[in-house]
Every structure is written in C-alpha cells, then in structure tokens.
Amino acid sequence: MLLALDTSTAAVTAAVHSGAPGTPGEVLAVETVVDARGAGEHLAPAVDRALARAGVGAGELTDIVVGTGPGPFTGLRVGIVTGRVLALTSGARLHGVCSLDALAAAARESGAVPASRPLLVATDARRKEVYWAVYPRGVQRSRGPEVGPAADLPADVRELPVVGAGAGLYPEAFTGPVPDHPTEVDAGALARLAADHPEVLTTTEPLYLRRPDSQTPGQRKRVLL
C-alpha cells in the first residue's frame with residue numbers, strides 16, 4: 001500500500017494506491033482541497049479521509065511518496081514534514097518525487113499531450129514568476145526545474161504545449177498550445193507515477209529553488225550612546 005501526498009500547488013492532495021514503486025496496482029482513494037494557503041489546516045484530514053475511503057490503516061502502508069516541489073516554502077514544508085512523520089511512525093519507506101513530474105505524468109495519461117511530443121510544465125511561483133520544466137518525451141525531464149519570469153523563458157520553450165497554472169496566469173508569455181487539463185497536482189497521478197516509474201523517485205529534499213520570503217533576523221547592531 002502506497003500513500004501519496006502533495007502541497008506544492010494550490011491543491012492539498014492525498015491518495016492511497018494499492019501497489020508500490022515498481023509494482024502494479026490502482027488508486028483506491030483521492031482527497032483534494034484547493035486552498036493555496038491552507039496546507040497546514042487541510043492535509044492531515046485529507047490523509048485521514050483517503051485512508052478511510054480506501055479501508056487502509058496507517059500501519060498497512062509500505063511506501064509514502066511526497067511531492068518535493070518546487071513550491072512555496074511554507075506549503076511545501078507542511079507536505080514534506082507530514083510525509084516524514086508518517087513514514088517514521090508507520091515504518092513505511094519514504095520517497096520524494098518532483099511535483100512537476102506528476103503534472104507531466106497526468107498530461108500524458110489523459111492524452112492531453114502525447115508521450116512522444118515535448119511538453120512544458122509551468123506552475124505558479126508567485127512574485128510574477130513560474131516554476132518550470134521541459135519533458136521531451138514521457139515523464140523524463142531534460143530541463144528544470146527552474147524558476148523565473150514566464151516571459152524570460154527561452155523562446156523555444158515557450159512554444160511548447162504547456163500545462164499547469166502558469167499558462168493561465170501569464171497567457172501573453174506562452175505561444176504554444178494550452179491543453180484543457182488540470183492546473184494543480186493530483187495525488188492520484190503522483191501515486192501512479194511512483195508505482196509505474198520508480199526511476200523518478202528521489203529523496204524528500206525540498207525543491208525551494210529560492211530563499212523564503214521571511215528570513216531569520218541577523219545579529220542586532222550595537223548602538224553606541
């Protein structure tokens with residue numbers, strides 16, 4: 001049994017899959033709440049609901065897969081820490097997957113962009129920027145993940161079919177087709193990706209790509225009176 005969860009986009013999402021990395025199975029339950037700033041509030045209940053719908057206890061989990069971003073600092077940290085704690089308490093093996101890979105996999109699964117055609121994934125990085133990666137075929141990345149203004153992406157990249165929230169936020173920057181496709185990560189797609197393509201698994205080191213907005217205060221300056 002595999003539990004997948006992701007908090008890298010506006011979706012707080014969890015799914016239970018009956019397989020494991022490299023073994024067949026199917027998604028038994030998915031729970032998703034769209035709230036860009038509510039990961040801390042919604043993730044644990046979503047996990048509980050997904051496990052209950054699947055009829056699976058936490059102690060039955062053999063693998064936990066966490067989306068590692070890139071994504072905003074606070075939301076991404078909630079998902080990764082939750083995955084680490086669940087793995088520690090359940091004894092399940094812990095894996096990470098780049099969250100952009102899950103969006104690419106979902107686009108391939110749905111037929112929105114054929115596996116033989118290059119694909120761009122671009123998600124909201126705030127600050128008028130996008131997180132992005134290029135997939136020449138299947139779910140293997142050739143570029144990225146990177147972060148920057150959508151208009152500053154290379155011209156040949158902006159001409160590719162694009163999925164993710166970035167295309168809707170900055171339509172003037174992208175000249176390629178925009179398939180009708182979900183813009184947020186779905187934990188069901190993340191779980192299927194981990195089961196069917198174990199080569200994409202990584203550690204749970206978060207892909208922040210830049211410093212958080214809030215910084216630890218430095219040493220106070222001494223004022224002479």
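This report walks through a predicted model of one protein chain, from its domains down to a few unusual residues.

## Two domains

Let's start with the big picture. The domain assignment splits the chain into domain 1 (2-98 + 185-202) and domain 2 (100-170). Notice that domain 1 is written as two stretches of sequence. The centres of the two domains, taken over C-alpha atoms, are 22 Å apart.

How many residues of each domain are in contact with the other? On the domain 1 side there are 17, and they meet 14 residues of domain 2.

## The open sheet

Now look for a sheet of five strands. It is an open sheet with the strand order 3-2-1-4-5, and its pairing is mixed. Strand 3 and strand 5 sit at the edges with a single partner strand each, so one side of each has no neighbour in the sheet. From one strand to the next, the twist averages 15°.

Zoom in on one pair: strand 2 and strand 3 run antiparallel and are joined by seven bridges. Try finding Val16, whose bridge partner in strand 3 is Ala29. Helix 2 (residues 73-90) is worth a look too, as it lies across strand 1, strand 4 and strand 5. Its direction is at about 170° to strand 4.

## Helix 6, a well-covered helix

Is helix 6 (residues 187-196) mostly covered or mostly uncovered? Eight of its 10 residues are buried, so to speak tucked away, and the helix counts as mostly covered. Among the buried ones are Ala187, Gly188, Leu190 and Leu193.

What do these buried residues pack against? Their neighbours are strand 1 (2-6), strand 2 (11-17), strand 3 (27-34), strand 4 (63-67), strand 5 (93-97) and helix 3 (99-110). At the start of helix 6 there's a nice detail: a side-chain oxygen of Asp186 comes within 3.0 Å of the backbone nitrogen of Gly188.

## The nonpolar cores

In soluble globular proteins, nonpolar side chains tend to be buried together. Here, the largest nonpolar core holds 24 residues, and Val65, Leu119, Val121 and Tyr135 have the most contacts inside it. The elements giving two or more residues to this core are strand 1, helix 3, strand 6 (119-126), strand 7 (129-135) and helix 6. Helix 3 provides the largest share, six residues. Why does this core lie between the two domains? Domain 1 and domain 2 both give residues to it, so it lies between them.

Tyr135 is a good residue to click on. Not counting residues up to four places away in sequence, Tyr135 touches Leu100, Asp101, Ala104, Arg108, Arg117, Pro118, Leu119, Val121, Gln140 and Arg141. Apart from this core lies another, with 21 residues, including Val16, Val47, Ala50 and Leu76.

## Strand 6 and its partners

Strand 6 is mostly covered, with six of its eight residues buried. Seven bridges tie strand 6 to strand 7, and these two run antiparallel. Within this pair, Val121 stands opposite Ala133 of strand 7. Strand 6 and strand 7 make a hairpin, with two residues between them.

Strand 6 also pairs with strand 9 (residues 162-163), this time in parallel, through two bridges. One bridge to spot is from Leu120 to Val162 in strand 9.

## Some unusual backbone spots

Most residues other than glycine have a negative phi, and most peptide bonds are trans. Arg126, in strand 6, has a positive phi of about 60° although it is not a glycine. Arg127 is found in the loop between strand 6 and strand 7, and its phi is also positive, near 55°. Are these two buried, partly exposed or exposed? Arg126 is partly exposed, with a relative accessible area of 31%, and Arg127 counts as partly exposed at 45%.

There are cis peptide bonds to find as well. The bond from Gly69 to Pro70 is cis, with omega near 10°, and Pro70 is in the loop between strand 4 and helix 2. A cis bond also joins Gly144 and Pro145, with omega about 5°. Pro145 is found in strand 8 (residues 143-148).

Methods: Residues are numbered from 1 along each chain as its sequence is written. This is a predicted model: local features need pLDDT of at least 70, side-chain atom pairs count only at pLDDT 80 or more; totals for chains, interfaces and linings use all residues. Side-chain values use heavy atoms; hydrogens and water are left out. Buried means under 20% relative accessible area, exposed over 50%, partly exposed in between (1.4 Å probe, protein chains only). Helices (H or I, at least four residues) and strands (E, at least two) are DSSP runs, numbered from the N terminus. Contact means heavy atoms within 4.5 Å. A polar contact is a pair of N or O atoms within 3.5 Å; within protein, one must be able to donate a hydrogen and the other to accept it, and residues adjacent in sequence count only if both atoms are side-chain atoms. A nonpolar core is a set of buried Ala, Val, Leu, Ile, Met, Phe, Trp, Tyr and Cys residues joined through side-chain atoms within 4.5 Å. Domain bounds come from an automatic or database domain assignment. Two strands pair if DSSP finds at least two bridges between them. Axes are lines fitted to C-alpha atoms, for helices over the stretch in contact, and angles run from 0 to 180 degrees between N-to-C directions.
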